[in-house]
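Visitor: I am new to this structure and would enjoy a close look at one part of it. Could you show it to me first, and then walk me through slowly?

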Amino acid sequence: MTTNSDSGKSYHRECTGEALETAKAHGSPKDITMFGSCFCPFVQRVWIALEFLGIDYKVYEVDPYSKPADLLEVSAKGLVPALRLETYDPPRAISESTVILEFLEDLAAMTTQRTLLPPGINPYARTLVRLQADHVNRTLVPAFYRYIQAQNEESQIRGGKEFVQAIDGLVKLFQRAQREGDIHCGLWSEGGTLSLADVMVAPWIFRATNVLVHYRGFQLPEGTQFRSYVERLLSFPAFKRTCSTEQLYIDSYERYAFNRPNTSQVANAINSGAALP
Ligand SMILES: N[C@@H](CCC(=O)N[C@@H](CS)C(=O)NCC(=O)O)C(=O)O
C-alpha cells in the first residue's frame, strides 16, 4: 500500500518552522544542554516538557547516526535525547527520554512549581497517568515502528490495525481516569492541561498525521472525543513550539517507510523482534 518508491532521502540535520525559532531562542549557554535531533520523537518529548515546565535550556543539535564524541560522552548508546548538566564540574549527563522526563518533573517541583502529574498528594491519580504513559511506551510506540517499517500489503494492514488498537487502549485508559473522577486527565479533558501521558504520546500522534498519512494512507480513528483530544494536543503551545514543518518529517522517515538496512537502532530492534533501545 506504499504509494511511492524510495527516492533515497536522508534525515534532516536542522529544525525548520516553529521548532527552528524555538531552537534559535535557546542557542546560548544554560545550566542544561539538550542534545537533540530535529526529526526525533523521543527528543520532542523532552523538548515539550522543558517548554511546558518552564525550565531553561540550550538546544544542541547533533546527528545521532554519526555518533560524535560529545554525544557518546552523554549517552553510552549514542542516542538522543540526552541532557548535559553544566552546573557540575565536570558536567554530568542523563539519557533516556522517560527518565529525563522524571528528572525534569522533579526539577520543576523544586523550581518553577509546574507539573505534568496531578498536583498534591494523590498517589492513585498520579498512578493512572503513569499507567497511560506506560501503555504508550510498551505498546503504542513499538506498534508505530512495526507499521511504518512493514513492507508488504498484508503486514501493513496488520500494522495499521495494531496501531489503531494501541490508540484505542490509550483512549480506554483516559476514559477510565475520567470515569474514576480524578482531577487531572490531561488534555483528554476539555479545559485540561498537558499531562505526562500527553507528552509521551504527542510526537507519535503527530507523526501519524503526517508520516503515516503520507506513506501508509493512514487515517486516525474517528470519534468526536478522540478527534477533539488530538486537536487540543497538536495545537497546545508548548507542543507546537517544538514542531518543524511536515516535510521535514516526511523526508526524514523515508528510511523507515522503505525499511532501509541499518536505518537506526530502533529500526533494527523492530526487524529482529528485540526490545527497543
Ligand atoms: N530509549 C531511547 C530511544 C532514543 C532513540 O532511539 N533516539 C534515536 C533518534 S529518534 C537515536 O538517537 N538513534 C541513533 C541510532 O539509532 O544509532 C529514549 O527514550 O530516549
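Visitor: Which residues in H7 meet which residues in H8?

Guide: Happy to help, and please keep in mind that this is a predicted model. On the H7 side you will find Asp198, Val201, Ala202, Ile205, Phe206 and Thr209, and on the H8 side they meet Phe226, Tyr229, Val230, Leu233 and Leu234. Sorted by kind, the residues of this contact of H7 with H8 come to 9 nonpolar, 1 polar and 1 charged.

Now step back to the two helices themselves. Two packed helices are described by the angle between their axes and the distance between the axes. Helix H7 covers residues 196-216, and its axis lies 10 Å from that of H8, at an angle of about 100°. Angles from 65 to 115 degrees count as roughly perpendicular, and that makes H7 roughly perpendicular to H8.

H8 has a further partner to look at. Helix H6 (residues 153-179) and H8 (residues 224-234) have axes that come within 12 Å and cross at roughly 95°, so H6 and H8 are also roughly perpendicular to each other. From H6, the residues in this contact are Ile167, Val171, Phe174, Gln175 and Gln178, while H8 brings Gln225, Phe226 and Tyr229. Here the division is 5 nonpolar, 3 polar and no charged residues. Two names are worth following on your screen: Phe226 and Tyr229 take part in the contact with H6, and Phe226 and Tyr229 also meet H7.

Where does this part sit in the whole protein? The chain is divided into domain 1 (17-112) and domain 2 (123-272), and the centres of the two, taken over C-alpha atoms, are 21 Å apart. Their contact takes 21 residues from domain 1 and 33 residues from domain 2. Between them about 2200 Å² is buried, with carbon and sulfur atoms giving 61% of that area. On the domain 1 side, Gln44, Arg45 and Ile48 supply 26% of the area that this domain buries against domain 2, more than any other three residues.

Those residues lead us over to the neighbouring part. Helix H2 (residues 41-53) lies across S1, S2 and S3, and runs at about 150° to S1. The strands belong to an open sheet of 4 strands in the order S2-S1-S3-S4, with mixed pairing. S2 (58-61) and S4 stand at the edges with a single partner strand each, so one side of each has no neighbour in the sheet. On average, and ignoring direction, neighbouring strands here are turned by 25° against each other. Another helix, H4 (residues 97-110), lies across S1, S3 and S4, at about 120° to S4.

Let us trace the pairing through the sheet. Strands of a sheet pair through backbone hydrogen bonds, either parallel or antiparallel. S1 (residues 32-36) and S3 (residues 82-85) pair in the antiparallel sense over 4 bridges. Along this pair, Phe35 has Ala82 as its bridge partner in S3, and Met34 stands opposite Leu83. S3 is also joined by 4 bridges to S4 (residues 92-95), again antiparallel, with Leu85 bridged to Arg92 in S4. S3 and S4 form a hairpin with 6 residues between them.

Finally, the loops hold a few details of the backbone. Most residues other than glycine have a negative phi, and most peptide bonds are trans. Between Asp89 and Pro90, though, the peptide bond is cis, with omega about 0°, and Pro90 is placed in the loop between S3 and S4. A cis peptide bond also joins Val80 and Pro81, where omega is about 5°; Pro81 is found in the loop between helix H3 (69-74) and S3. Lys67 has a positive phi, near 50°, in a residue other than glycine, and its place is in the loop between S2 and H3.

Methods. Residues numbered from 1 in each chain as written. Predicted model: local features only at pLDDT ≥ 70, side-chain atom pairs only at ≥ 80, totals over all residues. Heavy atoms only, no water. Pairing = 2+ DSSP bridges. Axes fitted to C-alpha atoms, helices over the stretch in contact; angles between N-to-C directions. Parallel < 35°, antiparallel > 145°, perpendicular 65-115°, else oblique. Contact = heavy atoms within 4.5 Å. Nonpolar A, V, L, I, M, F, W, Y, C, P; charged D, E, K, R; others polar. Domains from an automatic or database assignment. Buried area = accessible area lost by both parts, 1.4 Å probe.
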